[in-house]
Amino acid sequence: MLKVPEHQVAGRQAIDGKLGPLIDNSGHFYKPLQDDDERGTRELTFYHSFSSNTRIPHHIRRFFPVFHGTQLLKASDGSGLRPHLVLQDITSDHINPSILDIKIGSRTWYLEASNDYVQNCFHRDKTTTTVSLGFRICGLQIYNESGFWKPGRKLVRNFTANDVRSVLRKFVSSNVGPEPDCCFADSVYGGCDGILQRLLELKTWFEDQTMYHFRSCSILLLFDKESFLKGKTPFAEVKLIDFAHVVDGNGVIDHNFLGGLCSFIKFVSQVLADSKGSTMEDKF
């Protein structure tokens with residue numbers, strides 16, 4: 001039984017007769033391949049390449065959704081059978097997860113793209129925090145005892161640097177009001193297996209890897225705040241998603257992604273430092 005993902009915070013959604021991803025009850029995420037341009041082919045090519053690439057370290061693979069191949073399914077828009085990527089449903093092991101979708105890089109377009117696509121990306125990059133910060137928040141939901149805080153896309157697109165800091169604080173707070181308490185910052189962002197440490201692992205890999213350039217790719221952060229509120233110990237996850245615009249690295253470091261990742265790490269580390277009343281910025 002396929003259904004619309006309950007916890008999708010960005011991207012095309014399979015609602016109101018539109019084409020979008022679907023999930024099942026077995027932990028699979030079905031993403032329709034785009035047939036109007038090269039995006040579907042490019043993403044499928046990346047998954048095949050990445051899955052078979054023996055140069056990818058084992059500890060790096062955990063940051064990517066598991067790829068299970070493709071499958072013909074009835075499209076959510078009623079257009080008939082369409083090939084879908086079969087991926088790991090990242091949210092399937094979480095209950096009421098708080099989620100942040102962060103698009104990394106100060107440039108989301110790539111040289112091979114059409115002029116119209118480049119112009120659209122260029123405009124969006126300039127009018128969001130993409131250019132100024134090297135990343136932007138694309139979507140989010142933050143759980144609290146009364147439900148989810150899930151701001152609309154227009155509000156998210158208008159986020160400033162201060163808004164980004166506020167969201168990163170609310171993400172690890174018991175409240176989502178004007179003065180978030182950051183009471184979960186040390187457990188979620190800090191520690192040997194916290195989000196900050198995982199981001200640093202990715203940073204180390206991107207400082208050396210020259211196989212791929214990840215244009216318009218997102219980092220997904222998620223954890224179960226509800227577990228904290230009930231006195232349990234949750235687990236946080238960091239995943240890379242959206243590979244429709246990955247291109248060959250041609251032996252060159254992906255400075256666009258690396259620069260955006262470093263900028264995002266500084267924002268997260270500052271929230272963690274502020275929650276401890278100390279500073280960690282000198283480490284970066």
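**Entry 1: the loop at N53**

I take helices (H or I, at least four residues) and strands (E, at least two) as DSSP runs that are numbered from the N terminus. On that basis I looked up N53, and I find it in the loop between α1, residues 39-52, and α2, residues 58-61. I keep in mind throughout that this is a predicted model. I count N53 as buried because its relative accessible area is 11%, and the cut-off for that word is under 20%. I then looked for a partner of the N53 side chain, and I noted a polar contact of 3.2 Å with the side chain of Y212.

In the loop between α1 and α2 I also located R55. This arginine I enter as exposed, because its relative accessibility is 58% and the cut-off for exposed is over 50%. I computed one long separation from here: the C-alpha atoms of R55 and N115 are 34 Å apart in space, while the two residues are 60 apart in sequence.

**Entry 2: Q209 and the backbone around it**

Y212 led me to Q209, whose side chain reaches the backbone oxygen of Y212 at 2.8 Å. I also found a polar atom of the Q209 side chain 3.0 Å from the backbone nitrogen of M211. Q209 belongs to the loop between α8, residues 195-206, and β8, residues 212-214. With a relative accessibility of 4%, Q209 is to be counted as buried. I therefore record Y212 as a partner of two side chains, having its own side chain in contact with that of N53 and its backbone oxygen in contact with that of Q209, and both N53 and Q209 are buried.

**Entry 3: salt bridges**

How many salt bridges does the count give? I arrive at 8, and I followed several of them by residue. R198 pairs with D193, and the closest N and O atoms of this pair are 2.8 Å apart. I note the surroundings of each partner separately: R198 is buried, at a relative accessible area of 11%, whereas D193 is partly exposed, at 43%. This pair is not isolated, for R62, D193, R198 and E201 are linked in a network of salt bridges.

I next took E207 and K203, whose side chains meet in a salt bridge with an N to O distance of 2.9 Å. E207 is partly exposed, because its relative accessibility stands at 33%.

Then I turned to D254 and R215, where the salt bridge has an N to O distance of 3.3 Å. D254 sits in the loop between β11, residues 246-248, and α10, residues 255-276, and R215 in the loop between β8 and β9, residues 218-223, so this pair ties together parts that are 39 residues apart in sequence. I checked both for accessibility, and D254 and R215 are each buried.

**Entry 4: positive phi values**

I searched for positive phi in residues other than glycine, and one of those I wrote down is S216, with phi near 55°. S216 lies in the loop between β8 and β9, which is also where R215 is found. Its relative accessibility of 10% makes S216 buried.

N96 also has a positive phi, of about 50°, although it is not a glycine. I place N96 in the loop between β4, residues 81-88, and β5, residues 98-104. In contrast to the buried S216, N96 is partly exposed, with a relative accessible area of 22%.

**Entry 5: S218**

I looked up S218 as well, and it falls within strand β9. S218 is buried, its relative accessible area being 1%. Its C-alpha atom is separated by 23 Å from that of V176, and these two residues are 42 apart along the chain.

**Entry 6: positive patch**

Which residues gather in a patch of positive charge on the surface? I listed K18, R124, K150, R153, K154 and R157. I then asked which element gives the largest share of the patch, and I found that helix α5, residues 153-157, contributes 3 residues. I picked R157 for a closer look, since its place is in helix α5 and, at 41% relative accessibility, it counts as partly exposed. That value satisfies the requirement of over 30% relative accessible area for patch members.

Notes:
Residues are numbered from 1 along each chain as its sequence is written. This is a predicted model: local features need pLDDT of at least 70, side-chain atom pairs count only at pLDDT 80 or more; totals for chains, interfaces and linings use all residues. Side-chain values use heavy atoms; hydrogens and water are left out. Patches are made of residues with over 30% relative accessible area and no salt bridge: like charges are joined within 9 Å, nonpolar side chains (Val, Leu, Ile, Met, Phe, Trp, Tyr) within 5 Å. Accessible areas come from the Shrake-Rupley method with a 1.4 Å probe; for residues, only the protein chains shown count as cover. A salt bridge is a side-chain nitrogen of Lys or Arg within 4 Å of a carboxyl oxygen of Asp or Glu. Lys and Arg count as positive and Asp and Glu as negative; His and the chain ends are not counted. The place of a charge is taken as NZ of Lys, CZ of Arg, CG of Asp or CD of Glu. Buried means under 20% relative accessible area, exposed over 50%, partly exposed in between (1.4 Å probe, protein chains only). A polar contact is a pair of N or O atoms within 3.5 Å; within protein, one must be able to donate a hydrogen and the other to accept it, and residues adjacent in sequence count only if both atoms are side-chain atoms.
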